[in-house]
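Subject: Structure handover

Hello,

Here is the structure I said I would pass on. Please open it and keep it in view while you read the notes below.

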Amino acid sequence: MPDAIAYGGDWNPEQWPEETWGQDVALMREAGVNRVSVGIFSWSLLEPAEGVFDFAALDRAMDLLAANGIKANLATPTASPPPWFGDAYPHALPVDADGRRLAHGSRQGFCPSSPIYREKALRIAEQVGLRYRDHPALAMWHIHNEYGCHNARCYCDTSAAAFRAWLRSHYATLDALNEAWGTAFWSQRYGEWAQILPPRATPSLPNPGQQLDFRRFSSDALVELYIAERDLLKQLAPDVPATTNLMAGAHWDMDCWAFAAEMDVVSTDHYLIGARPEPHIDLAFAADYARSLNGGRPWLLMEHSTSAVNWQPRNRAKAPGELRRNSMSHLARGADGIMFFQWRASRAGAEKWHSAMLPHAGTNTKIWREVTALGAELAGLAGVAGSTVHADVAILVDHSSVWAQDHPAQPSSEMDPVEEAKRWHAALWRAGITCDLAHPEGDLTGYRLVLVPALYLVSDSGAANLAAFVRRGGVALVGPYSGIVDEHDRVRLGGYPGAWRDLLGVTVEEFFPLDGPIELASGWSGSVWSEVAHATGAKVLDTYVTGEPAWTRNEWGDGFAHYLTTRLDDGALAEVLAAVTAEAGASPAAEAPAGVEVVRRSHADGRSYLFAINHTGEDAVVTPRGGGPVTVAAGDVRVIPA
Ligand code: GLA
């Protein structure tokens, strides 16, 4: 069991003259830093020319950390091949859907299917592994960095060949592929494997099955690269944990479930999106996702920011106290490590306007004071490490479904599955109810309520999984345009939603996308979407003013399955969620006023910590279940042990 919360950030000593390093570690100690990520973008330093290795500087940096009792997530530097790589192997640079080959000079400049990239990446990873596997500063391997952040899909000829190999292994015969992709439509029938291409720019709409499989293939290609590096490092150092930093909840190109299954501990990065009205709720979604990806076990926040980032149109600096509240939300939701990009703000380079733990202005700053205060606070919360978060509620999310719904020809482009999942999650956040995210085919035992806000695509086994959950006594709430297609994006016939008609006791004959609000008999309203549905067994709980069902509830085995045929407005959604959470017996961690986040972390022996995070400008009174009222001052955080 860990005995401390990991605290620190990316340390990039290669950006600075070595005289600075001593000051770095002294300030790290002052700030309570016990963990840094090292070497992420150091390939051109470690291998300045092809096959020429120089580890002297990294040796000194690692030794300095060890001497100061600071541990390292040591990276393999494979996220940024040096210029010599692009220069020597231009065919290994990525190509976009329009056929443009991208140049080196940024980062992630490689085709994920390139054999030569893989060879060079594994060679430098091996060198790192061999050299540092026994180093006293080594805590874990940080493999690559944010796989697929910039090169998630490559459309070059090498990728085309790899895509065909992937298809062959999945379909075995061309007949099966033609059937799955519906290639009879628009005369797309393939007579030879060699005719199949990545979905490059075409005159009109791409084939949906081709597009979906290409997304799957592209994600798998990156997972394979991760596995190749991990296996190599595991051979060299079987006991050193391996991770890579996901972008859970923010970036949907890589299948997080597939990556997570290969990690010793899930780590992720999260950045506030300034344009969101309540970015701290989006943060909670990402944190809940990371915890769920790690099977409920403590996870690592590999990066977030102390203040502004540099990649949004307007980069808002954090208000006083926001850094602490953000960090404590991640901690509350199961993180055992709170880390930042990056330790010292860069003087030059593409991210020089990104905040850091140590800002350009130095230590007499709001950021530095908050960084050191947080370090001290986390040291005092060491007892939290290893505890877990229990959730009665799960929201189903699946990357394949998001990818399939991304095809441009949809009944309404306004049905956004990610935003809808986040909106339902936000409604629970406001009700103080902690929820997990779950894969449709994942283990649902242990939940009381499963929410399906927007799952357009579901496999047969995913469909059966939800039905079995309800049959055993669970409660489900399914949103519109869910359970519509099979795993190849082919319509499930006979009335929508084909996957769950029986479970829901409803059949839908036609979709009616909306360009304005729609009124319900209850006085609630919906928007974006409506359906002509018929109850075939379900009880109708609400209707449109025209009389068709808007909200239904079906008894199924020992449980209940609810269905919504419209995208309910926020207020109505909150009321429906209150009804189903009550029906399922899911309750909040504490009574708290609006804008106050409450989450409990518990140890197996019963010790627990209630986190109460006041995101408002008013003092608030929080009442834990079975406890007395506690005041949480405006903008403050209280961690209440029990
Ligand atoms: C990601 C990357 C970092 C940095 C930050 C900036 O998290 O991993 O290298 O680019 O974004 O926000």
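The notes cover the ligand and its surroundings, and then one residue, Gln-108. Keep in mind that this is a predicted model.

**The ligand**

The ligand occupies the second largest pocket. Around the ligand are Phe-41, Arg-107, Asn-145, Glu-146, Asp-269, Tyr-271, Glu-303, Trp-311, Phe-341, Glu-351 and His-354.

Three of these side chains can be described by a distance to an oxygen atom of the ligand. For Glu-146, an N or O atom of the side chain is 2.7 Å from such an oxygen. For Trp-311, a polar side-chain atom lies 2.8 Å from a ligand oxygen, and for Arg-107 the distance from a polar side-chain atom to a ligand oxygen is 2.9 Å. On its own the ligand has 310 Å² of accessible area, and the protein covers 97% of this.

**Gln-108**

Gln-108 belongs to the loop that joins helix 4 (83-88) to helix 5 (115-132). Is Gln-108 buried or exposed? Its relative accessibility is 3%, and buried means under 20%, so Gln-108 counts as buried.

Which residues does Gln-108 contact, leaving aside its neighbours within four places in sequence? They are Ala-79, Ser-80, Pro-81, Pro-94, His-144, Asn-145, Glu-146, Tyr-147, Gly-148, Cys-149, His-150 and Asn-151. With one of them, Cys-149, there is also a polar contact: the side chain of Gln-108 comes to 3.2 Å from the backbone nitrogen of Cys-149. Asn-145 and Glu-146 are in contact with Gln-108 and are also among the residues around the ligand.

Regards

Terms used. Residues numbered from 1 in each chain as written. Predicted model: local features only at pLDDT ≥ 70, side-chain atom pairs only at ≥ 80, totals over all residues. Heavy atoms only, no water. Helix = DSSP H or I, 4+ residues; strand = E, 2+ residues; numbered from the N terminus. Buried < 20%, exposed > 50% of the residue type's maximum accessible area, 1.4 Å probe, protein only. Polar contact = N/O pair within 3.5 Å; in protein donor to acceptor, adjacent residues only side chain to side chain. Contact = heavy atoms within 4.5 Å. Near = heavy atom within 4 Å. Areas by Shrake-Rupley, 256 points an atom, 1.4 Å probe, with all protein chains shown as cover. 1 Å grid on protein atoms, 1.4 Å probe; cavity = no way out; pocket = protein on both sides within 12 Å on 5 of 7 lines; lining within 4 Å. Sits in = over half its atoms within 2 Å of the grid points.
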